[in-house]
Amino acid sequence: MNYDVIVIGSGPGGYVAAIRASQLGLKTAVVERESLGGICLNWGCIPTKALLKSAQVFEYINHAAEYGIKTAEAEADFAAVIKRSRGVAEGMSKGVQFLMKKNKIDVIMGAGKAKPGNKVEVKAADGTQKEYTATSIILATGARSRELPNLKQDGKKVIGYRQAMVLPEQPKSLVVVGSGAIGVEFAYFYATLGTKVTIVEFMENVVPVEDEDVSKQLLRSLKKVGIEIMTSSSVESVDTSGAGCKVQVKTASGMQTLECDIVLSAAGVVANIENIGLEETGIKTEKGKVVVDEFYNTSVKGYYAIGDIVGGQALAHVASAEGIICVEKIAGHKPEPLDYNNIPGCTYCSPEIASVGYTEKAAKAAGYELKIGKFPFSASGKASAAGSKDGFVKLIFDAKYGELLGAHMIGANVTEMIAEIVVARKLETTGHEMIKSVHPHPTMSEAIMEAAADAYGEVIHL
């Protein structure tokens, strides 16, 4: 069969690209080897948020007395928590199936491979192969858990994020290697349910891509819930020959041995660029990523790539935005290239983290003279009423023109607040305009207005 567009991969980049292509009148097919929705819907963003919600509910119940509520002692049913998470994921995947039918997109199940001459070969689960042609072929094959050379995953004692979502029983102790979003989210989840958790981080700070003030606050918050943190440390080896794991950790003060039931490797992701036809078609790669231009053209005409397999942040919303831009360009529209410095990043541990734009350190390195405002949630009426006083909002402005260079938040529900900053930066909003934009009271979002006011010496509630 011949199509205008064939998308290989149905994650948040692939299925969104397919839907937008269909909306623009292009005959479209999507190839998927496992489950519609890809890693995000089935093994990433969505099911992890379901797990974290269960942990949060458990935490609320355990602290109910602080809100004047008497309860019996709560007990977490680990298997039921896992089952709920899988149910949420399955429901979302079925939602994507509905969207494919609604938009008249053909779904071809199997492993897709780009071939020369604008062809796609699909190998079904039963081994049969079929070939399709398309004017435009979009590669959106995503990423998988990165496996470190000295931390081989066996799927039982040394695991990646997929296994961490469906363990048959709750471990009594867990070592998490890496403190990025995946690492700290699982650390919070398991620690809240009662597992003894230790995080080992190679860098000097936890969540090392975040602003240093955020990293320091999260460190305090994680320690408060009993999580042990080892920074500037690296796992040298893991002995799984016994009943559990013996983890050799190199620290500034020497080697330490940690004993645990399970080791979770959360050292990032690696792009799925193998066996998708890059060599056969001559598509260029660099440092494990497909090379593309600002509209996601690869080095070979008619072939495109989006999402985790190209440079840029490995985030679901980035892949979706790239998919839309890619197909709008294919359809002859004139989309704006994506501004990768205005992409929000969110981490859903407790307290949550949300950020966009320059960190203070990066802004200084870029040569800006800064005005910085910070408003702690301990001074927020809504945060006090909610019992969520940990954290703050930090805004970074260019002192010369008032441009909002970056925002860094840590606290309850800040992942719901960051979009205001993304829109403000897109519209080139200045600090004074933010101060004069009336925010509702009492809300957590008032902290944004107050932080802007703090940067200009006008803060009221500090």
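In which sense, and over how many bridges, do strands E23 and E24 pair? In this predicted model, E23 and E24 pair in the antiparallel sense over six bridges, and within that pairing Ile 396 has Gly 406 of E24 as its bridge partner.

**The five-stranded sheet**

The two strands belong to an open sheet of five strands, ordered E20-E21-E24-E23-E22 and paired antiparallel. Strand E20 (345-347) and E22 stand at the edges with a single partner strand each, so one side of each is left without a neighbour in the sheet. Direction ignored, neighbouring strands of this sheet are turned by 10 degrees against each other on average. Helix H12 packs on the sheet, where it touches E20, strand E21 (352-357), E23 and E24, and the direction of H12 makes about 180 degrees with that of E24.

Helix H14 lies across E22, E23 and E24 and runs at about 140 degrees to E22. H14 (residues 446-455) is mostly covered, since nine of its ten residues are buried; among them are Ile 448, Met 449 and Glu 450. The elements against which the buried residues of H14 pack include strand E22 (370-376), strand E23 (392-398) and strand E24 (404-411), together with helix H12 (418-426) and helix H13 (431-435). After H14 comes Gly 457, which has a positive phi, near 70 degrees.

**Strand E15 and its partners**

Strand E15 (residues 262-265) pairs elsewhere in the chain with E8 and with E9, as the table sets out.

| Strand paired with E15 | Sense | Bridges | One bridge pair |
|---|---|---|---|
| E8 (residues 158-159) | parallel | two bridges | Ile 159 with Leu 264 |
| E9 (residues 173-177) | parallel | four bridges | Leu 174 with Ile 262 |

The side chains of E15 point in two directions, Ile 262 and Leu 264 one way and Val 263 and Ser 265 the other way, and all are buried.

**The packing of H3 on H6**

Helix H3 (residues 45-62) packs with helix H6 (residues 181-192) at an angle of about 40 degrees, and their axes are 9 Å apart. An angle of this kind falls outside the ranges for roughly parallel (under 35 degrees) and roughly perpendicular (65 to 115), and H3 and H6 are therefore oblique to each other. The crossing in which H3 passes H6 is left-handed. Residues making the contact include Leu 51, Leu 52, Ala 55 and Phe 58 of H3, and Phe 186, Tyr 188 and Phe 189 of H6. Sorted by class, the contact of H3 with H6 comprises seven nonpolar, three polar and three charged residues.

Notes
Residues numbered from 1 in each chain as written. Predicted model: local features only at pLDDT ≥ 70, side-chain atom pairs only at ≥ 80, totals over all residues. Heavy atoms only, no water. Axes fitted to C-alpha atoms, helices over the stretch in contact; angles between N-to-C directions. Parallel < 35°, antiparallel > 145°, perpendicular 65-115°, else oblique. Left-handed = near helix turned anticlockwise from the far one by under 90°. Contact = heavy atoms within 4.5 Å. Nonpolar A, V, L, I, M, F, W, Y, C, P; charged D, E, K, R; others polar. Buried < 20%, exposed > 50% of the residue type's maximum accessible area, 1.4 Å probe, protein only. Pairing = 2+ DSSP bridges.
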